Amino acid sequence: SCLGIERKVEVKTLEDDLRAYYRSSRVSVDPSAKAAAVDLAVCEWKVAQESEASRCEMGHVAFVAEQARFMGARVWLLQAFVVAFVALAAWADPSRVGGLFACLAGAAIALCGMPDVLASRMCGLMELERSCKFNARSVASARMVVLACANAAALFASSCLIAEGGGLALSVVQVFAPYFVTVGGCLVAARRMRASGALVASMAWASLVVSVAYVAASRFFWIYEAASWWIWALAAAVAIVWVLFEARRWLADVRFSSGALAFDSVYVNR
């Protein structure tokens, strides 16, 4: 035990001697040089943070653009088919093309994107996406952005084909009003039902919107006249508010709700 104590004393003495040596031989640092080094380090850190933020922003932009490729060609072909149908109807009988075709185009284009909105649930990938860098909410948001841009282009093209004379503004609201009404109902179905049931309910809702438009064209034909543009504008404004509300709730459910994790793939029973 005495040898152990002596050993510890020798080690402690050696450590003290080394500290004293390095303390005595330490070169004094100029305070201005130390401040300059700190400023340089801060500048380097800021540059690194800005570079990282720029890469992150470009990463989000690239991620949104990449969703267009992952969504496949089906949604684009369906939208092109709707626009082509409107163009054919306008060419075949220009006198009968109007508000009813606008409602049909708006509802059909809104319905085209529903399989891609529900793709994560149908394939059972929601839980996996929640654990990724770009989580399930990011995926859903990116798809909604891509669909919104594509739908806006298709709807405006349909409006131009349907418009008679100077009635482009009227055609625009007649197309967008049923579109937003259909989107709102589809998002309600997406939140409250399983994926396969939501698709069926979305098709039924779109059919109901078109049916109401047909009844209005048959019995209340005045509603499609230019003087009734304010009715369509009011309907579109109310529908936009509804869509924004339902989209916010849908994204919240995608991120947090356990009900959105249901595996609802058509391949389960194969």
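Here a biologist asks a modeller how the labels on this predicted model were reached.

Biologist: Let's start with the overall fold. What makes up the secondary structure of the protein chain?

Modeller: Eleven helices and zero strands. Read from the N terminus, the order is α-α-α-α-α-α-α-α-α-α-α.

Biologist: And how much of the protein chain is buried?

Modeller: Buried residues make up 33% of the 270 residues. The chain exposes about 16700 Å², and carbon and sulfur atoms supply 67% of that. As for contacts with a separation of 6 or more, 80% of them are between residues 24 or more positions apart.

Biologist: Which residues have the most contacts inside the largest nonpolar core?

Modeller: L118, Y179 and W250, in a core of 38 residues. The helices that each supply at least two residues of this core are α3, α4, α5, α8, α9, α10 and α11. The largest share comes from α9, with nine residues.

Biologist: What does W250 touch, leaving out residues up to four places away in sequence?

Modeller: V117, L118, R121, A140, M144, L187, A190 and R191. Apart from that big core lies another one, of ten residues, including L170, V173, A216 and A236.

Biologist: Now α9 itself. Why is α9 called mostly covered?

Modeller: Count the residues: 19 of its 25 are buried.

Biologist: How do you know that the length of α9 agrees with what a helix should span?

Modeller: At 1.5 Å a residue, its 25 residues should span 36 Å, and the end C-alpha atoms are 37 Å apart, so the two agree. You can run that check on α10 too: 25 residues should span 36 Å, the ends are 36 Å apart, and therefore that one agrees as well.

Biologist: Which residues of α10 are buried?

Modeller: A195, A198, L199, S202, A206, V209, A213 and A216.

Biologist: Let's do α3. What span should α3 have, and what does the model show?

Modeller: The 19 residues of α3 should span 27 Å at 1.5 Å a residue; the end C-alpha atoms sit 26 Å apart, so that agrees.

Biologist: What makes you say that the buried residues of α3 line one face?

Modeller: Those residues are V75, Q79, V82, V83, V86, A89 and A90. Looking down the axis of α3, they fall within an arc of 120°, so they line one face of the helix. The face turned away from that buried side carries the exposed residues L77, F81, L88, W91 and A92.

Biologist: S158 in helix α8 caught my eye. Why is S158 called buried?

Modeller: Buried means under 20% relative accessible area. S158 comes in at 0%, so it is buried.

Biologist: Which residues is S158 in contact with, leaving aside its neighbours within four places in sequence?

Modeller: V83, V86, A105 and I109. Two of the residues just listed, V83 and V86, are among the buried residues of α3.

Biologist: On to charges. How many salt bridges are there?

Modeller: Five. The cut-off is a side-chain nitrogen of Lys or Arg within 4 Å of a carboxyl oxygen of Asp or Glu.

Biologist: What makes D16 and K12 a salt bridge?

Modeller: Their N to O distance is 3.2 Å, and the limit is 4 Å, so the pair qualifies. D16 and K12 both lie in helix α1, four residues apart, about one turn of the helix. An α-helix has 3.6 residues a turn, so residues three or four places apart point the same way.

Biologist: Which residue forms a salt bridge with D16 from three residues away in helix α1?

Modeller: R19, with the closest N and O atoms 3.2 Å apart. Salt bridges that share partners join K12, D16 and R19 into one network.

Biologist: Why are D16, K12 and R19 each called partly exposed?

Modeller: The class runs between buried, under 20%, and exposed, over 50%. D16 is at 33%, so it counts as partly exposed. K12 has 45%, so it belongs there too. R19 is also at 45%, and therefore gets that label.

Biologist: And how do you know that E246 and R191 pair up?

Modeller: Their side chains meet in a salt bridge at 3.1 Å, N to O. This pair links distant parts of the chain, with E246 in helix α11 and R191 in helix α9, 55 residues apart.

Biologist: Are E246 and R191 buried or exposed?

Modeller: Both are buried.

Note on methods:
Residues are numbered from 1 along each chain as its sequence is written. This is a predicted model: local features need pLDDT of at least 70, side-chain atom pairs count only at pLDDT 80 or more; totals for chains, interfaces and linings use all residues. Side-chain values use heavy atoms; hydrogens and water are left out. Buried means under 20% relative accessible area, exposed over 50%, partly exposed in between (1.4 Å probe, protein chains only). Contact means heavy atoms within 4.5 Å. Accessible areas come from the Shrake-Rupley method with a 1.4 Å probe; for residues, only the protein chains shown count as cover. A nonpolar core is a set of buried Ala, Val, Leu, Ile, Met, Phe, Trp, Tyr and Cys residues joined through side-chain atoms within 4.5 Å. The expected span of a helix is 1.5 Å times one less than its number of residues. The arc is that of the directions from the helix axis to the C-beta atoms.
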